[in-house]
Amino acid sequence: MKILGIDDNIDINELLDTVLNGSGHNFIYVKNGIEGLRLIHEKKFDVVLLDLAMPEFSGFDVINSLLKDGLLTKQKIILFTASSVLDSEIEELIKKGVHSCIRKPVDIDLLLEKLEQSQQV
Amino acid sequence: MRLKLKLILMFSIVIIVVVLSTSYISFKSLESAVIDSQLLQMGHEVEVKANFIDNLNARASGDLLFAVKNPVFVKYFELPDTKAGNIYKNDVLQFTPQQRTIKNELDQWIYNFQDKFSVDETCLIDRTGQEHTRLVMKKIAPDSDLSHEESSTPFFKPSFQKNIDEVYLQYPYVSPDTERWVFAYTTPIVLNDGSKPAFYHFEIPLKSFQDITKVDQGRAYVVDSAGYLVADSGHVYNQSLNSAPFGQSPKDFFPSINTISASSEFNEDIRNILASDNNSTNIGHVTYSGEDGELHYIVFKRLPMFGWILAYEKPYSLMMSGNYSLHNLAVILFVISLGIIAAGLIAIYVLSDRITRPIIDFARECRNQDVSNLQIINPMGTNKEINQVIYAFNEMIERVNAIEKQKEEFASMVTHELKSPLTPIIGWCQTLKNPKLIGQLNSKQFNAVDIIQKNAKRLLQLVGDILDVQKLDLNRMKFDSQPIDVDDLLNYMHNNLQNIMAQKNINHINSTKEQLTVRSDRNRIEQVLNNLILNAVDFVPSEGGKIEYGAQSKGDEILFYVKDNGIGIPPEKQKNLFRKFYQIDTSVTRKHGGSGLGLALSKGIIESLGGKIWVESELGKGASFYFTIPIDRIKTAKSEKVIDVKDQRGI
């Protein structure tokens, strides 16, 4: 799978790089939302791993931008969030077009599972 | 007391007092003006009457003097026969022919006089007390009737003390001739040589004097210094009497002053008037309270005649009667007063309402504020002062909101910062353990990574607990409200717990028998169940440990339970069980990564969700933990908020 990671934390990005690329996926990452949007507009990805809490341009901003451009449903978005977002709030985002959400700290096994799921629908 | 009530009460009192006192003052002013004008009028009447009396007196005197101006009087007494003295035969006075002639002339003159000027009786009395002529009601008395005992009359001596053209007025007495009360006027006959051989005397009835006191309204009377009424418009004097002439005491004929009024105040007034300055003939006023309950006004004047007091009185009602302007004023004032009072009360009610309503509305707005979402309040009404308060309040809210926002941002930053490192730590551990990604580790390396991962997980749990507790404390924890399939939840948990239960050789059972749904926060309920079950894991025996958990319906709540067959919890330790940092056995919990916060957190969560949590246990007989969740949280949502804040302070 072609996977894009958008997260301001280098350690997480490097971890995902090792895990995902080591598992046979094609994973690249960027550190802020604006760059991420640019890439989304340019290329096509199967999955986007999006961190919600980023400075300046947050994951919410990315989602809203994609929503406006109608690109939200063109790729599967899996959200990472450290805060205790309520299930109902996640439901809202899923209704808008997001695929799912993983709470931080990210469980690697769970992530790989969710990636599988995203391609099955 | 409420401000509104205070304002209304105060101003109502002020308005009523002002209006009533103004009305009263204006009424009283007009009343006293009316009274003054009445008194003036009465004063005029008294003057008029006094003048009448003076005239009566003057006229009588004038008539008398006119009568004696006729030279026939002197002629008679100049006669040598008269000068020689009286001659009697059989007790009857004898007249010589010369005397007779003059006497006839005299009688004729007096007859004409009586005809012209109405007097009751006229007579001529000489120094010896002998009448020489007498006419009563125009009847000439025969010689035999001429009395010679006139020297004993009260007017005898005083008459001779007068000179020519002087008149003596005798105090009223009963006339022997007419048998009624009369005044007597006398004047001496004075000869050329200055001797006074006789005096002329006539009587006029007292009635003509008394008639002067007649009035249309009120009562007029004349008071003698001895305290009886010689004239009274309110009394009918019995004019014909059978009693001894001269001998009748005035007290028997004239009514006492007390017949006007028996009040002591009246008595005192009259006494004062009688006793006062004898020379003053000015008009005076005095009042007294009558027995009829009314105030009586007396206007009086001292008469030159015997020092009598002429008085004219009216009661208050008579003074006011016919005075429509006063009555109209009273009505007008009454209507206006009512109008002003009503208008004033309405105005003050409206005004106080306008002042206090914004205050009450503002207070209500403050109370209705959602503490976690303070909003600014809009200005109310037109009161600058209230709006000042509102602006100050809004400023405060904005400052509080700013602080809260800061706190929230800080809190979420902290959360983020604390948890971020754990992703790479745990993640890399997982990755290291996966031979496909990095390569096989030897057993020592694998062990090391495992230990790192376990500790990172424990740290994660701790951080999570601390952050949760802080959130509950600040009332900042958000809860979901979704329908939950209890069965599904418990099965999911059962699966997740398989590993650890198998490791510890614990027999765990989901003993739920019913199909239950509840509307609440699934993650948080899972958190609490996890907490209770993992606690139980630490306390069951290493062999034959058994943990039973599940749910059952209980009215409008679901009852969840976690029961273990561990060592149990003694009662004295039960009461502090749900408090922060409380640990039954520090060695046990520390070993297993407990922070002492688990149960406190569970209690906070359950109570925020509208339920209750408690334990039932005995030493040596295991422990059973229960908690309830209302089936539909929304119905109890409002009251929860209050419970949250109060209870968590006590954790």
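Accessible areas in this report come from the Shrake-Rupley method with a 1.4 Å probe, and for residues only the protein chains shown count as cover. On that basis, chain B has an accessible surface of about 34,700 Å², and carbon and sulfur atoms account for 56% of it.

The structure is a predicted model, in which local features need pLDDT of at least 70 and side-chain atom pairs count only at pLDDT 80 or more, while totals for chains, interfaces and linings use all residues. Residues are numbered from 1 along each chain as its sequence is written, chains are lettered from A and ligands numbered from 1 in the order in which they are written, and side-chain values use heavy atoms, with hydrogens and water left out.

**The two chains**

Chain A contains five helices and five strands; helices (H or I, at least four residues) and strands (E, at least two) are DSSP runs numbered from the N terminus. Along the sequence, these elements of chain A follow the pattern β-α-β-α-β-α-β-α-β-α. Of its 121 residues, 50% count as buried, where buried means under 20% relative accessible area, exposed over 50%, and partly exposed in between (1.4 Å probe, protein chains only). Chain A exposes about 5,700 Å², with 49% supplied by carbon and sulfur atoms. A contact requires heavy atoms within 4.5 Å; among the contacts in chain A with a separation of 6 or more, 60% join residues 24 or more positions apart.

Chain B has 651 residues, of which 45% count as buried, and it holds 19 helices and 20 strands. For the contacts of chain B with a separation of 6 or more, the share from residues 24 or more positions apart is 64%.

**The interface between chain A and chain B**

The size of an interface is often given as the accessible area lost when the parts come together. Buried area is used here in that sense: the accessible area (1.4 Å probe) that two parts lose on being put together, summed over both. Between chain A and chain B this area is about 2,000 Å², of which carbon and sulfur atoms give 59%. In chain A, the residues that lose the most area to chain B are A:L15, A:L86 and A:P105, together 27% of what that side buries. The contact involves 24 residues from chain A and 24 residues from chain B.

Five residue pairs between chain A and chain B are in polar contact, both residues being at pLDDT 80 or more. A polar contact is a pair of N or O atoms within 3.5 Å; within protein, one must be able to donate a hydrogen and the other to accept it, and residues adjacent in sequence count only if both atoms are side-chain atoms. The elements giving two or more residues to the side of chain A that touches chain B are α1 (10-22), α4 (87-96) and α5 (108-120) of chain A. Of these, α1(A) gives the most, with seven residues. By class, this side of chain A has nine nonpolar, six polar and nine charged residues; Ala, Val, Leu, Ile, Met, Phe, Trp, Tyr, Cys and Pro count as nonpolar, Asp, Glu, Lys and Arg as charged, and the others, Gly among them, as polar.

**Salt bridges**

A salt bridge is a side-chain nitrogen of Lys or Arg within 4 Å of a carboxyl oxygen of Asp or Glu. One salt bridge is found across the interface of chain A and chain B, and the structure holds 28 over all chains. Several are listed below.

| Residue pair | Closest N to O distance |
|---|---|
| B:K478 and A:E89 | 3.1 Å |
| A:D51 and A:K104 | 3.4 Å |
| B:D165 and B:K69 | 3.1 Å |
| B:D211 and B:K207 | 3.1 Å |

A:D51 lies in strand β3 (residues 47-51) of chain A and A:K104 in the loop between β5 (100-103) and α5, so their salt bridge ties together parts that are 53 residues apart in sequence. A:D51 and A:K104 are both buried, and A:D7, A:D51 and A:K104 are linked in a network of salt bridges.

In chain B, B:D165 is partly exposed, with a relative accessible area of 48%, whereas B:K69 counts as exposed at 55% relative accessibility. B:D211 is partly exposed at 33% relative accessibility, and B:K207 is partly exposed at 38%.

**A buried lysine in chain B**

B:K301 is located in strand β12 (residues 295-302) of chain B. This lysine counts as buried, at 12% relative accessibility. Leaving aside residues up to four places away in sequence, B:K301 touches B:V46, B:E47, B:A50, B:T281, B:N282, B:I283, B:W308, B:I309 and B:L310.
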